[in-house]
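Open the model in your viewer and keep the selection tool at hand. This tour goes stop by stop.

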Amino acid sequence: MAGRYVVSGFSRTVIAAALVCTVACNKTPAAAPAAIAAPAAAVPHGDHNPHHGGIVMMKGDDLHYEVVLDPAGRGYSVYFTDAVREELPASVASTVELTIKRPVAADERVQLRIDDAGESWVGSGQPVNDPTKTTVRVAFSIRGEPYWIDLPFRK
């Protein structure tokens, strides 16, 4: 029986496994799936979009605040969020105040108070007739440290 090979069932299994390994092992590995990008809000400082229609600012590396201004003077608000824009209770800050600086009239100080839900600081004042020539000083204390910044008055 020259030239004939007898292959047992075990041998066939070994040969098949060797062929699969030869084909699979010699292939270039598939690219690893791309990392799934975290939503912008989950990345520190990745979201500076106003959630309440105001102006978003940062203080330090771990605090954002949003100032909502109303030219009619009926509704001013300040909201605080952390570095990834998760809402913080209003009580994270104290003594929140706005100073409206008009071009001709005397400065108006508006003391804000925590709203009934505990989510923001709110207050009201006099109408702002010329927002393009008006600025607002936002002042508050956080962790016992006083802070202020002057911003253009814009809705």
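The stops below move from the whole chain to strands, rings and core.

**Before you start**

This is a predicted model: local features need pLDDT of at least 70, side-chain atom pairs count only at pLDDT 80 or more, and totals for chains, interfaces and linings use all residues. Residues are numbered from 1 along each chain as its sequence is written, and side-chain values use heavy atoms, with hydrogens and water left out.

**Stop 1: the whole chain**

Show everything as a cartoon. The protein has one helix and nine strands. Helices (H or I, at least four residues) and strands (E, at least two) are DSSP runs, numbered from the N terminus. From that end the order is α-β-β-β-β-β-β-β-β-β. Now colour by burial: 32% of the 155 residues count as buried. Buried means under 20% relative accessible area, exposed over 50%, and partly exposed in between (1.4 Å probe, protein chains only).

**Stop 2: strand S2 and its neighbours**

Select residues 63-68, which are strand S2. Six of the six residues of S2 are buried, so the strand is largely enclosed by the rest of the structure. Leu63, Tyr65 and Val67 point one way, while His64, Glu66 and Val68 point the other. In a regular strand the side chains alternate between the two faces of the sheet.

Add strand S1, residues 55-59. Two strands pair if DSSP finds at least two bridges between them. S1 and S2 run antiparallel and are joined by five bridges; in one of them, Ile55 partners Val67. The two strands form a hairpin with three residues between them. In the turn, Gly60 has a positive phi of about 65 degrees.

Next add strand S3, residues 76-81. S3 pairs with S2 in the antiparallel sense, over five bridges. Val68 has Ser77 as its bridge partner there.

**Stop 3: the open sheet**

Select S5, S4, S8 and S9. These four strands form an open sheet in the order S5-S4-S8-S9, with antiparallel pairing. Strand S5 (108-111) and strand S9 (145-152) are the edges, each pairing on one side only. Inside the sheet, seven bridges join S4 (residues 93-101) to S8. One bridge sets Glu97 opposite Ala139.

**Stop 4: the rings**

Show the aromatic side chains. Rings of Phe, Tyr and Trp (its six-membered ring) pair if their centres lie within 6.5 Å; planes under 30 degrees apart count as stacked, over 60 as edge-to-face and the rest as tilted. That rule gives six aromatic pairs. Zoom to Tyr65 and Phe140: their centres are 5.2 Å apart and their planes at 75 degrees, so the pair is edge-to-face. Tyr65 lies in S2 and Phe140 in S8 (residues 135-142), so the pair ties together parts 75 residues apart in sequence. Both Tyr65 and Phe140 are buried.

Then find Tyr147. The Phe140 and Tyr147 rings have centres 5.0 Å apart and planes at 45 degrees, so this pair is tilted. Ring pairs link Tyr65, Phe80, Phe140 and Tyr147 into a cluster.

**Stop 5: the core**

Which residues touch the most other members of the largest nonpolar core? They are Tyr65, Tyr76, Val78, Phe80, Leu98 and Phe140, out of 25 residues. A nonpolar core is a set of buried Ala, Val, Leu, Ile, Met, Phe, Trp, Tyr and Cys residues joined through side-chain atoms within 4.5 Å. S2, S3, S4, S8 and S9 each supply at least two residues of this core.
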